[in-house]
Every structure is written in C-alpha cells, then in structure tokens.
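User: I would like to learn how to read the empty spaces in a protein model, and how to tell which parts of the chain surround them. Could you take me through it step by step?

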Amino acid sequence: MFELGAWSFPVLLLLIFLRMPIGLAMFLAGVGGLWMATGDTSMFMARLKTETFTTFSSYSLSIVPMFLLMGQFATLSGMSTSLFKAAESWLGHRKGGVAMASVGACAGFGAICGSSLATAATMGRVALPELKRYGYSGGFSTATLAAGGTLGILIPPSVILVIYAILTEQNIASLFLAALVPGILAALGYILTISIYVRVNPKAAGTRPPVPMAERFRAMVDVWPVILVFGLVVGGIYLGWFTPTEGASVGAFGTGLIAFFNGTLTWKVFKESIIATAIGTAMIFFIVLGAHLYNGFLALSQVPQTLSEFVLAQGFSPWMILALILIFYLVFGCLMDSLSMILLTIPIFFPVISVLDFGLVDMIGLQSVRLDAAIAQGLDAAPELIRQAQDLLAAGTELTRDQFRELGMRPVTQFQLEDVATTRTAIWFGILVLIVVEVGLITPPVGMNLFIINAMDRETPMVETYKAVMYFVTSDLVRVVILVLFPAITLFLLPL
C-alpha cells in the first residue's frame with residue numbers, strides 16, 4: 001500500500017508536466033489510487049460523493065469567493081490609481097522613486113485584494129506607463145512590478161493563507177496577524193533592493209520632478225478608502241467584531257460601495273465581476289476537491305505517517321528538516337503555482353513539522369504570560385505571593401502546582417504547553433511556506449507574475465526581466481533566513 005502511495009507522486013508530477021490542470025491531475029491520482037488500493041469502484045465512488053458535498057458546502061471555504069469579489073471591486077474602484085499616485089508623490093523624485101512607489105502601491109493594494117496575480121496585473125496597468133515615462137528600463141520595470149505583485153498573497157487578507165488555515169485547522173485571524181510584519185518587511189526589502197539596483201545600474205532609472213507638499217497631502221486623502229477597508233476587515237476580524245467570513249463579506253460590500261460611488265461600478269461591470277469571481281472560485285474549489293481526494297488516498301496508504309516516522313528516525317535536527325522542506329518549496333515553486341504547491345504538499349509536510357520542537361515557547365514563558373494575564377484581570381491573591389511568583393519566574397524557576405493553587409489559578413499543564421507550541425509552529429511554518437511559495441511567482445522559468453507583467457510590455461525581452469528580478473529573489477531569500485532565525489518577528493503579535 002505504501003509503495004502505491006509513493007509511486008502516485010511521480011505519476012502526479014508527470015501529469016502536471018504534461019500540462020494537465022493541477023486540480024484534474026490530483027483528482028485522477030486520488031481516484032485512480034483509491035481504485036487500485038481497494039480493487040473496486042465502490043470506495044472511491046462513495047468518497048467522491050462525500051468529499052464533493054463536504055468541500056463545496058464548507059462554511060470556511062465561503063470566505064474565498066468573498067475575498068475574490070473584494071479584489072474584483074478593488075480593481076474597478078480606482079483604488080490602485082489612488083495608491084500609486086499617493087506613493088509616487090512622496091517617493092517619485094528620488095532615484096528609483098517611481099519603482100519604490102510601485103512597490104508601496106502594490107503593498108497597499110495587496111491589503112485589500114489577497115491575490116498576487118490580480119495585484120501584479122492591476123498595478124502593472126497603472127504603474128508601467130509611468131515607469132516608462134520617466135526613463136526606467138524595461139527589465140527593471142517589469143521585475144519591480146512582478147515582485148511587488150507577490151505582496152498580494154503575503155499582506156493580509158490572503159486567499160492562500162485561508163486555504164492553509166483550513167488544511168491545517170489553524171485560526172485564520174492569527175495567521176493574518178502573523179503575516180502582517182513579514183509583509184511589511186517584504187515591502188521594505190523590495191524598496192531597499194530598488195535602492196541598491198539603481199546604484200549598481202544607474203542608467204536603469206530616470207528621475208521626475210518633486211511634487212509640492214500640498215499636493216502630496218491631497219494625494220494621501222484619496223487613499224482613505226483603502227485604509228478604511230483594510231482597517232475594518234483585518235481590525236474587525238482581530239478585535240472579534242466578526243468572523244473572517246463575515247469580514248470578507250464586509251470587505252466585498254465596502255469595496256463595491258466605493259466602486260459604485262466612484263462611478264466605475266456599472267451594471268455591466270458588476271456582472272463581469274460576479275462572473276470573474278465565480279470562475280476563480282470554481283477553479284480554486286476544484287483544486288481543493290482534487291487535493292482532498294488525493295490526500296485521502298495518501299492517508300489510506302500511510303504515506304504522510306510513514307514519511308514522518310522515517311524523518312524523525314534519521315535523527316536530523318528540527319532546523320535541518322525545516323531547511324530541507326523550504327529548499328524543496330523553492331525548487332518546485334519554479335515549476336508550479338502557489339495554490340497547487342500548498343494543497344499538494346502541506347498534507348505531507350505538516351505532520352512532520354507539527355511534531356518537531358523548535359523551542360518557540362517554554363514552560364516559564366507560558367507561566368509568566370498566564371500570570372500577567374491573571375494579574376491584569378484582578379487576580380485575588382496576596383501581594384506577597386504574587387511578588388514571590390514573579391521573582392521565581394524572573395529567576396528562571398517554574399512554578400509548581402501548589403504555588404498556582406495558592407495564587408488561586410489553574411496550573412499550566414504540559415499538555416497546554418505542547419498545544420501552544422504546536423499552534424505557534426504551525427503559524428510560523430505557514431508564513432515561511434507562504435514566503436517561499438511567493439518567491440516561486442517571480443523565479444524563472446515559470447514565474448507566473450513575470451509572464452503577466454511581461455505580457456503587458458512586449459517590447460522588453462523576458463531575459464531582461466529575469467536578470468533584474470534576481471535582485472528581488474535575493475531579497476526574498478534573505479528575508480526567509482531572517483524569519484527562520486528569528487521566529488519572534490512573525491509571532492510576537494500573537495498572544496500565548
């Protein structure tokens with residue numbers, strides 16, 4: 001049975017490389033594997049019926065069409081133009097400033113879109129003419145916009161993060177919050193990369209005259225809808241005003257309302273947005289269905305469990321295992337799209353990662369947080385007992401069960417520690433995977449963002465875009481290393 005599951009993976013890759021749609025390839029691999037494993041059709045026919053219903057009736061997945069519709073309305077409402085003009089008014093006069101403004105606008109648009117391809121395509125239409133107007137080279141312009149587009153799936157809200165949360169049963173709001181700082185770091189890293197590039201290649205970027213201060217502030221006023229929608233959606237989800245699905249609905253309604261008042265949301269455009277959302281949702285849902293069927297076959301063949309046991313038996317350190325997995329994503333990200341990579345590999349790699357100890361939380365740290373929370377809520381205990389407990393924790397000594405009882409608190413158990421550690425590992429790993437998958441969108445030979453932007457500028461040879469984009473790929477790799485070495489950058493906003 002295990003051999004059958006193991007052989008299914010190269011067969012699946014062969015189907016993908018033969019240009020079969022990834023959803024259909026996983027569907028056939030799953031159905032064919034179940035048929036060969038059981039010897040009759042009743043097993044996979046029954047699973048096909050149940051998986052189809054449970055997949056398409058899932059309340060959690062209803063967030064996907066809402067975020068896609070939100071992105072459609074955001075594209076139509078003129079928000080992308082307002083964002084670019086505001087960023088350009090503040091940065092455009094600097095060397096490489098228009099390219100920096102493009103990245104800043106991509107980051108802002110990604111905060112209300114959630115799709116890298118849509119972000120790249122939308123900002124390409126807005127920023128590419130301006131970059132050419134001020135003398136930016138074709139390769140540098142297209143590479144900048146392709147890299148900036150990747151911010152669409154990293155800065156929350158993100159459709160890919162929603163899929164990851166559903167696959168690993170993690171909290172969507174926590175993943176959105178964890179992605180915020182890495183997303184800001186990505187934008188700052190790209191701006192720094194642009195600054196380095198224009199110094200190495202001074203002829204690649206022109207200059208534009210500075211904008212009067214009054215006009216800069218006027219441009220900032222025009223981006224208030226973006227700030228409003230982002231704050232309402234992400235802030236509302238985190239503050240508990242509504243669930244992620246409700247937040248996506250609020251965001252879609254808000255962006256649609258803005259597009260309507262801007263005069264861009266006609267009845268024809270509205271119908272086109274609904275149809276585009278339906279097509280995008282159907283594509284994602286079919287990929288999810290194929291992944292569920294294939295992963296069900298893998299579970300039956302015990303591939304993830306056997307792989308996890310094998311890796312742990314080798315005695316590799318958790319950090320080496322993580323590094324090997326991230327390298328795998330970087331390599332295959334050059335050949336597959338991000339959603340397919342997540343759906344295909346997470347069910348295999350996540351069981352391995354979830355049992356590893358990366359030291360992201362210890363008992364003393366967890367006890368300190370729980371004690372501080374109890375004190376903030378008005379802990380009814382003698383001041384000297386509280387002070388003594390704080391001193392012990394500060395000195396690196398764990399509190400005993402009896403000491404917790406004296407304080408009138410429930411003890412922090414080993415089970416709770418393991419649960420918190422597993423959750424934080426899952427969230428940290430999810431952000432790392434998202435970043436390395438994002439790198440695949442701009443890595444030759446199959447960087448989807450590169451093809452989208454290059455299609456808008458037929459005069460620029462693809463090889464020129466490839467050369468310039470490697471600067472941004474280097475920035476991404478440096479950021480991955482930093483986030484691996486310092487997990488607190490990703491997790492410090494999350495409560496224990």
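Analyst: The dialogue below goes through the pockets and then the cavities of this structure, which is a predicted model.

User: How is empty space found, and how much space lies in the largest pocket here?

Analyst: The general idea is that rolling a probe the size of a water molecule over the atoms shows where empty space is left. In this model, the largest pocket holds about 1,200 Å³ of space.

User: Which residues should I look at to find the centre of the largest pocket?

Analyst: Start from L117, M283, D337, L339 and M448, which lie nearest the centre of the largest pocket among the 40 residues that line it. Two or more lining residues come from each of α1 (2-17), α2 (22-38), α4 (63-76), α7 (116-133), α10 (159-168), α15 (267-300) and α18 (338-354).

User: Which element gives the most to that lining, and how do its residues divide by class?

Analyst: The element that gives the most to the lining of the largest pocket is α15, with 7 residues. By class, the lining of this pocket comprises 25 nonpolar, 12 polar and 3 charged residues.

User: How should I read the second largest pocket, and where is its centre?

Analyst: The second largest pocket contains about 520 Å³ of space, and of the 22 residues that line it, L83, G104, A107, G108 and V226 are the closest to its centre. The elements that each supply two or more residues to this lining are α5 (79-91), α6 (97-113), α11 (172-200) and α13 (224-239), with α11 giving the most, at 6 residues.

User: How many residues of each class line the second largest pocket?

Analyst: The lining of the second largest pocket has 19 nonpolar and 3 polar residues, and no charged ones.

User: What distinguishes a cavity from a pocket, and how many cavities of 30 Å³ or more are found?

Analyst: A pocket is open, whereas a cavity is a space where the probe fits but cannot get out. Searching the whole structure gives 3 cavities of 30 Å³ or more, and the volume of the largest cavity is about 40 Å³.

User: Which residues line the largest cavity?

Analyst: The largest cavity is lined by L61, I163, I166, L167, V288, H292 and L343, and the elements that give two or more of its lining residues are α10 and α15. The most come from α10, with 3 residues, and by class the lining of the largest cavity has 6 nonpolar residues, 1 polar and no charged.

Notes. Residues are numbered from 1 along each chain as its sequence is written. This is a predicted model: local features need pLDDT of at least 70, side-chain atom pairs count only at pLDDT 80 or more; totals for chains, interfaces and linings use all residues. Side-chain values use heavy atoms; hydrogens and water are left out. On a 1 Å grid over the protein atoms alone, a cavity is a set of points where a 1.4 Å probe fits but cannot get out, and a pocket is an open set with protein on both sides within 12 Å along at least five of seven lines; lining residues have an atom within 4 Å of a point. Grid points are joined across faces, edges and corners, and a volume is the space filled by probe spheres set on the points. Helices (H or I, at least four residues) and strands (E, at least two) are DSSP runs, numbered from the N terminus. Ala, Val, Leu, Ile, Met, Phe, Trp, Tyr, Cys and Pro count as nonpolar, Asp, Glu, Lys and Arg as charged, and the others, Gly among them, as polar.
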